[in-house]
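Got your viewer open? Load the model and get ready to click along.

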Amino acid sequence: MTGRTQRRVLVKASTSDAYDGLVRLLVDAQRLGFALVELSSSRQDDGRTAIRMVIETEGVSDCAEIGFRLARHPALAAVEAFEFGDEPGSFYVGSLHAGRQGALAGVRA
């Protein structure tokens, strides 16, 4: 993997089952070879759990692809991947709603 550019990517996800969602997201990130930089979760007012994970990728250049790869489990209601440092409201990089027929988006807010 030498010679490839490393990037930091912020992944945000939502789940109704905190343990299942966290475990599945972590296992897939490890399986795909992403390095874990940061992980946090918080319970929301609606009872869902918001997950925030920062990963380092090597050789994957598209945030939408990363979101797509990590959103394959029904335990995750929504997964969004952003270039680390970009504000989620300023430039929407990619999103996939797992468990539904979603589409990847690359739309300026």
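Here is a short tour, from the whole chain down to single side chains.

**The whole chain**

Keep in mind that this is a predicted model. Start with a cartoon view and trace the chain from the N terminus: the elements run β-α-β-β-α-β-β-β-β, which adds up to two helices and seven strands. Of the 109 residues, 37% count as buried. Switch to a surface and you are looking at about 6,400 Å² of exposed area, with carbon and sulfur atoms supplying 49% of it. As for how the chain folds back on itself, take contacts between residues at least 6 apart in sequence: 58% of them join residues at least 24 apart.

**Stop 1: Thr15**

Select Thr15, which sits in strand β1 (residues 6-15). Is Thr15 buried or exposed? Thr15 is buried, since its relative accessible area is 0%, and the cut-off for buried is under 20%. Now show the side chain and look for its polar partners. A polar atom there lies 2.5 Å from the backbone oxygen of Ala75, and the backbone oxygen of Asp17 is 3.2 Å from a polar atom of this Thr15 side chain. Setting aside neighbours within four places in sequence, Thr15 is in contact with Gly21, Arg48, Thr49, Ile51, Ala75 and Leu76.

**Stop 2: Thr49**

One of those contacts is your next click: Thr49. You'll find Thr49 in strand β3 (residues 49-58). Thr49 counts as buried because its relative accessibility is 6%. Beyond residues up to four places away in sequence, Thr49 touches Ala13, Ser14, Thr15, Ala18, Ser41, Ser42 and Arg43.

**Stop 3: helix α2**

Next, select residues 63-70, which make up helix α2. Which residues are buried here? Color Cys63, Ala64, Ile66, Gly67 and Leu70, and you have them. These residues lie on the same side of α2, because they cover an arc of only 160° around the axis. While you're here, go to the start of α2: a side-chain oxygen of Asp62 comes within 3.2 Å of the backbone nitrogen of Ala64.

**Stop 4: a patch on the surface**

Finish on the outside. Select Leu26, Leu36 and Leu39, which together make a nonpolar surface patch of about 230 Å². Leu26 belongs to helix α1 (residues 18-31). With a relative accessible area of 31%, Leu26 is partly exposed, so Leu26 clears the over 30% cut-off for patch residues.

Notes:
Residues numbered from 1 in each chain as written. Predicted model: local features only at pLDDT ≥ 70, side-chain atom pairs only at ≥ 80, totals over all residues. Heavy atoms only, no water. Helix = DSSP H or I, 4+ residues; strand = E, 2+ residues; numbered from the N terminus. Buried < 20%, exposed > 50% of the residue type's maximum accessible area, 1.4 Å probe, protein only. Contact = heavy atoms within 4.5 Å. Areas by Shrake-Rupley, 256 points an atom, 1.4 Å probe, with all protein chains shown as cover. Arc of directions from axis to C-beta. Polar contact = N/O pair within 3.5 Å; in protein donor to acceptor, adjacent residues only side chain to side chain. Patch = residues over 30% accessible without salt bridge, like charges linked within 9 Å, V, L, I, M, F, W, Y side chains within 5 Å. Salt bridge = Lys/Arg side-chain N within 4 Å of Asp/Glu carboxyl O.
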